Amino acid sequence: MTIVLDRVPTGIKGLDELLGGGFPEGKCILVVGSPGSGKTTFAIQYLYSGALQGETGLYVTLDEYPDVIKQNFQSYNWDLDSVEKKGRLLFLDASGLRRTRIKNNGPHALFSSDSSEGVGFTEVLKTLTKLVEGENVERIALDPITSVMLRYGEEVKRRRATVEFFDALSDTGCTSLVTSELKTSLLDRRFQIEEFLSHGVVVLHTLMHQGNFVRAVQVEKMRGIAHDTQIRPYQFGAAGIEVFPRDKVF
Ligand SMILES: Nc1ncnc2c1ncn2[C@@H]1O[C@H](COP(=O)(O)OP(=O)(O)OP(=O)(O)O)[C@@H](O)[C@H]1O
Ligand SMILES: [Mg+2]
């Protein structure tokens with residue numbers, strides 16, 4: 001018997017064509033990219049497009065405050081406030097995991113100003129699971145996982161924490177997107193543990209081609225799916241990231 005994975009449209013114009021329909025439902029996908037490559041844009045766009053279709057999305061911020069994130073995306077033609085007011089877009093502020101000085105921010109802030117000790121993935125997962133169950137969340141985006149992973153100096157511990165975290169995300173039944181920072185270039189690329197352990201990996205590259213910087217996306221892996229493996233150009237338009245699925249970079 002063949003089990004065909006149901007698909008979840010990504011909301012990124014052109015990307016579903018590379019994926020043959022979208023992300024595999026209920027799986028955990030990693031989006032990897034260098035600074036400014038569009039990881040947060042990707043994450044918010046994924047949730048926003050789901051929200052427009054009536055699916056509740058949860059954005060877990062491990063880096064910037066939710067207000068700052070919303071502000072950064074005001075120039076797109078997205079109405080984040082409207083979907084947030086309807087309860088279709090939720091923000092969970094877990095930025096305290098990274099910060100030493102912590103600011104309590106909003107109803108779903110995880111950390112009060114005096115509780116920086118001992119917080120970790122476990123706390124994030126507990127709150128996340130509660131929100132998923134209580135608010136019928138279907139899409140999760142967690143952005144970025146990198147700073148938290150750096151807390152684990154030892155590779156074995158980091159691997160264990162990652163497995164535990166991805167398993168917990170899968171257990172929610174949501175289709176999850178986790179972003180991770182990429183510090184190396186295309187040719188000199190060191191794979192990170194998260195990439196081996198996630199169900200799928202989408203890489204946002206910034207390449208130098210004929211003296212110009214080019215933005216390009218690649219579906220590096222997507223278990224169980226026959227996907228495009230080429231590097232395809234993308235750009236930021238009025239509606240966010242747009243991929244050109246038939247164009248070549250080189
Ligand atoms: N209208 C726009 N509004 C905001 N950003 C835009 C817009 N158009 C293009 N951009 C690009 O988006 C980039 C920011 O994208 P984003 O914040 O999603 O990247 P990131 O990969 O999350 O970065 P970081 O690693 O810093 O978190 C900007 O550097 C800019 O080049
Ligand atoms: Mg970002």
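This tour proceeds through a predicted model, one selection at a time.

**The whole chain**

Begin by displaying the entire chain as a cartoon. It contains 8 helices and 11 strands. Of its 250 residues, 42% are buried. Among contacts between residues at least 6 apart in sequence, 67% join residues at least 24 apart.

**Strand E3**

Select residues 28-33, which form strand E3. Is this strand mostly covered or uncovered? It is mostly covered, since 6 of its 6 residues are buried. Show the side chains next: Cys28, Leu30 and Val32 point one way, while Ile29, Val31 and Gly33 point the other way. Residues on both sides are buried.

Now add the neighbouring strands. Strand E7, residues 175-181, runs parallel to E3 and is joined to E3 by 6 bridges. Strand E8, residues 200-209, also pairs with E3 in the parallel sense, over 5 bridges. Val32 is a useful residue to label here: Val32 stands opposite Ser180 in E7 and opposite Val203 in E8.

**Helix H7**

Select residues 155-171, helix H7. If you place a distance label between its end C-alpha atoms, what separation should be expected? At 1.5 Å a residue, its 17 residues should span 24 Å, and the end C-alpha atoms are indeed 24 Å apart, so the two values agree.

Colour Thr162, Phe165, Phe166 and Leu169, which are buried in H7. These residues cover an arc of only 95° around the axis, and therefore lie on the same side of H7. Turn the view to the face directed away from that buried side, where the exposed residues Val156, Lys157, Val163, Asp167 and Asp171 are found.

To see what the buried residues of H7 pack against, display E3, helix H5 (121-135), strand E6 (137-143), E7 and helix H8 (193-197). Before leaving, select Gly173, which follows H7 and has a positive phi, near 85°.

**Helix H5**

Helix H5 is one of the elements just displayed against H7. Its 15 residues should span 21 Å at 1.5 Å a residue, which agrees with the 21 Å between its end C-alpha atoms. Which residues of H5 are buried? They are Phe121, Val124, Leu128 and Val132. Because these four cover an arc of only 60° around the axis, they are on the same side of H5.

The face turned away from the buried side carries the exposed residues Lys126, Lys130, Glu133 and Gly134. The cover over the buried residues of H5 includes strand E4 (56-61), strand E5 (89-93), E6, helix H6 (146-149) and H7. Just after H5, select Asn136, which takes a positive phi of about 55°.

**Strands E9, E10 and E11**

Select residues 212-222 (E9) and 231-237 (E10), which run antiparallel and are joined by 3 bridges. Gln218 stands opposite Ile231 in E10. Then add E11, residues 240-243, which pairs with E10 in the antiparallel sense over 4 bridges. A hairpin through 2 residues joins E10 to E11, and the bridge partner of Tyr234 in E11 is Val243.

**Ligand 1**

Finally, select ligand 1 and the 13 residues around it. Which of them come nearest? They are Gly36, Lys39, Thr40, Thr41 and Phe236. Helix H2, residues 39-52, gives the most to this shell, with 3 residues. Colouring the shell by class shows 3 nonpolar, 8 polar and 2 charged residues.

Technical notes: Residues are numbered from 1 along each chain as its sequence is written. Chains are lettered from A and ligands numbered from 1 in the order in which they are written. This is a predicted model: local features need pLDDT of at least 70, side-chain atom pairs count only at pLDDT 80 or more; totals for chains, interfaces and linings use all residues. A residue is buried if 20 or more other C-beta atoms lie within 10 Å of its own, exposed if 12 or fewer, and partly exposed in between; C-beta atoms are placed from the backbone. Two residues are in contact if their C-beta atoms, placed from the backbone, lie within 7 Å. A residue is near a molecule or strand if its C-beta atom, placed from the backbone, lies within 6 Å of it. Ala, Val, Leu, Ile, Met, Phe, Trp, Tyr, Cys and Pro count as nonpolar, Asp, Glu, Lys and Arg as charged, and the others, Gly among them, as polar. Two strands pair if DSSP finds at least two bridges between them. The expected span of a helix is 1.5 Å times one less than its number of residues. The arc is that of the directions from the helix axis to the C-beta atoms.
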